[in-house]
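Hi,

Here is the structure I promised to pass on to you. Please have a look at it first, and then read my notes below.

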Amino acid sequence: MRVDVSMDLKTGASLALFGASGAGKSTILACLAGLETPESGYVAFDDVTLYPPLLPTYKRSIGYLTQEPGLFPHLRVKENVMFGVPFEARRGPEHTAWVQQLQERLRLHAIWNAPATAISGGQARRVALARMLARRPKLVLLDEPFAGLDRQTVRELIDHLSFWQKTLGYSMIAVDHQAEVLQRLCPEDVLAIEAGRSIQRDSWAGLHAHPATPLLRSLLAPL
Amino acid sequence: MTSPSPWLARVGALLFAGALLYPFTAFFTFIGPWNWSDDVRQPALEAVRVSLVLTGWAMLVIVVIGTPMALYIVRCGARERLIWQAVLLLPVLLPPLAQGVLLSLAFGTQGAVGRWLHHFGIVVTNSATAYIGTQVYVGIGYFVLGAVAAMGSVPFALQQQAALLGLTPWQTFWRVTLPLARLGLAVAVTITWIRTVSEFGAVMVTAYYPSGMPVQLWINLQSFGLTAVMPLLLLFLAIALPLPWLVHLLAQRRSDA
């Protein structure tokens, strides 16, 4: 399916991408992260052109969380988090305080020296979050990172993301099937995607009141 | 399906090991006193030196060329990968003697490359170059096929994750791909080492001299009989076994750590 979307986002703001499965939401995130290459068009962030020419993923200051925490199984929790700290930053003393702050805030004390393979699913998401934040990303992309988690853990992770957004000032784009999760994460701005096209950009209240298509109305309706 | 009891499994494993090790009881067969006279010892020690030094160089060439090749094959499309794997299987499938014949014809004065090399004074038969070149040709297919399997088993998502965390492809290789593929790579290195250090058929055709351990075993058998073969065989095991075993030990230790 062809995904053809035009959108913009203010620095430090949050945007929810909402739509049915297969609408092209994850493709948009993958293009922003450099994991997929657009066929045409223009992608830029923070005055840096991402495409064209294609800027390699490792040169983009982007944090990316998905359903799979993607922890490195050969490393301990501590090493996984440290993986996020850029090499050049490790020389200075300030990174120690920064990592310690992440460790405390995300409650990683008890599992700090544990192998990444020996922790629970909820703990793994917290470690993945800490590792992503360790890099101080300018743009955070969330592709259903809360799938399969209990409501308490989801609430906790959303609070963390909102807290660190205020601290680090990153912009955030989130994708999820559940409108209530997105609404809590990105309360002001939502872009509805259908069959690879953006169909409505609105506030959540506007989207609920006047959904542009029957499918959108159906997706927003309670079960 | 219920798994067999641990004791039954262990007995099965012991029987398997017994069958593998049974031929080694031949060391205790009475064939007369072993011959380790000066005539046997001097060429034997020289053969050990030749085998270790030249196989060491061959392994270095194999790993340096084979690793990026394996990485390329892992990352190319499924259809292209099949073509590369078929190319790699061709030399691997040939009987060693046939490999030797092909190599000596292609790199001898009858072959285009051989003539060209000869023009520059590079001798590619019965020389250290021939010995290393033959071992590389014989072993590299094993290494690349093994390395492709090992590195292909590392989830691509983890390598993408490393890139998202700012690691260059080179750093990703060293810090993610290599550590996660180390057990499979250890197996690839081990099998390649065993294949190259024990190569006889191809090396006998292309590089009878300098004689490595396998060719020296043949010379001992022809010149002195079995009594001169057994001590060199024992020496061969003592020299060739530790390296692959150590590689396995290190890879295992790191994965348990």
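B:Pro210 sits in the loop that links α9 (201–206) to α10 (213–223) in chain B. The peptide bond leading into this proline, from B:Tyr209 to B:Pro210, is cis, and its omega is near -5°. Please keep in mind that this is a predicted model, so every value here is computed from it.

Chain A offers a cis bond too: the one from A:Tyr51 to A:Pro52, with omega near -15°. A:Pro52 belongs to the loop between β3 and β4 of chain A.

Staying with chain B for a moment, what does its fold consist of? It has 12 helices and zero strands. Along the sequence the pattern therefore reads α-α-α-α-α-α-α-α-α-α-α-α. Taken along the principal axes, the box filled by the C-alpha atoms of chain B is roughly 65 × 65 × 30 Å.

Now to the place where the chains meet. How many residues does each chain bring to the contact? Chain B gives 18 residues and chain A gives 20 residues. On the side of chain B, the residues that lose the most area to chain A are B:Leu164, B:Leu165 and B:Arg175, which together account for 42% of what that side buries. For the two chains, the buried area comes to about 1600 Å², with 69% of it from carbon and sulfur atoms.

As for specific pairs, the rule finds zero salt bridges across the interface of chain B and chain A. Three residue pairs are in polar contact across this interface, both residues being at pLDDT 80 or more. Two elements of chain B, α7 (156–164) and α8 (169–197), each give two or more residues to the side that touches chain A. The largest share of that side comes from α8(B), with seven residues. Sorted by class, the side of chain B that touches chain A holds 11 nonpolar, five polar and two charged residues.

In chain A you will find an open sheet of six strands, in the order β4-β5-β6-β1-β7-β8, with mixed pairing. Why do β4 (62–66) and β8 (197–202) of chain A each have a side without a neighbour in the sheet? Both stand at the edges with a single partner strand, so one side of each is left open in that sense. On average, and ignoring direction, neighbouring strands of this sheet are turned by 15° against each other. Helix α5 (residues 121–134) of chain A packs on the sheet, where it touches β4 and β5 (139–143) of chain A. The direction of α5 makes about 170° with that of β4(A).

At one end of the strand order, β7 (residues 190–194) of chain A is joined to β8(A) by five bridges, and these strands run antiparallel. In this pairing, A:Val190 stands opposite A:Asp202 in β8(A).

There is also a hairpin in chain A that I would like you to look at. Its strands, β2 (residues 43–45) and β3 (residues 48–51) of chain A, pair in the antiparallel sense over three bridges. A:Ala44 stands opposite A:Thr49 in β3(A). Two residues lie between the strands of the hairpin, and A:Asp46 takes a positive phi near 55° there. That is a positive value in a residue other than glycine, and A:Asp46 lies in the loop between β2 and β3 of chain A.

One last item is the salt bridges, of which the structure holds 10 over all chains. One of them brings together the side chains of A:Glu39 and A:Arg2, at 3.2 Å from N to O. A:Glu39 is in the loop between α1 (25–33) and β2 of chain A, while A:Arg2 is in the segment before β1 (14–18) of chain A, so the pair ties together parts that are 37 residues apart in sequence.

Best wishes

Notes:
Residues are numbered from 1 along each chain as its sequence is written. Chains are lettered from A and ligands numbered from 1 in the order in which they are written. This is a predicted model: local features need pLDDT of at least 70, side-chain atom pairs count only at pLDDT 80 or more; totals for chains, interfaces and linings use all residues. Side-chain values use heavy atoms; hydrogens and water are left out. Contact means heavy atoms within 4.5 Å. Buried area is the accessible area (1.4 Å probe) that two parts lose on being put together, summed over both. A salt bridge is a side-chain nitrogen of Lys or Arg within 4 Å of a carboxyl oxygen of Asp or Glu. A polar contact is a pair of N or O atoms within 3.5 Å; within protein, one must be able to donate a hydrogen and the other to accept it, and residues adjacent in sequence count only if both atoms are side-chain atoms. Helices (H or I, at least four residues) and strands (E, at least two) are DSSP runs, numbered from the N terminus. Ala, Val, Leu, Ile, Met, Phe, Trp, Tyr, Cys and Pro count as nonpolar, Asp, Glu, Lys and Arg as charged, and the others, Gly among them, as polar. Two strands pair if DSSP finds at least two bridges between them. Axes are lines fitted to C-alpha atoms, for helices over the stretch in contact, and angles run from 0 to 180 degrees between N-to-C directions.
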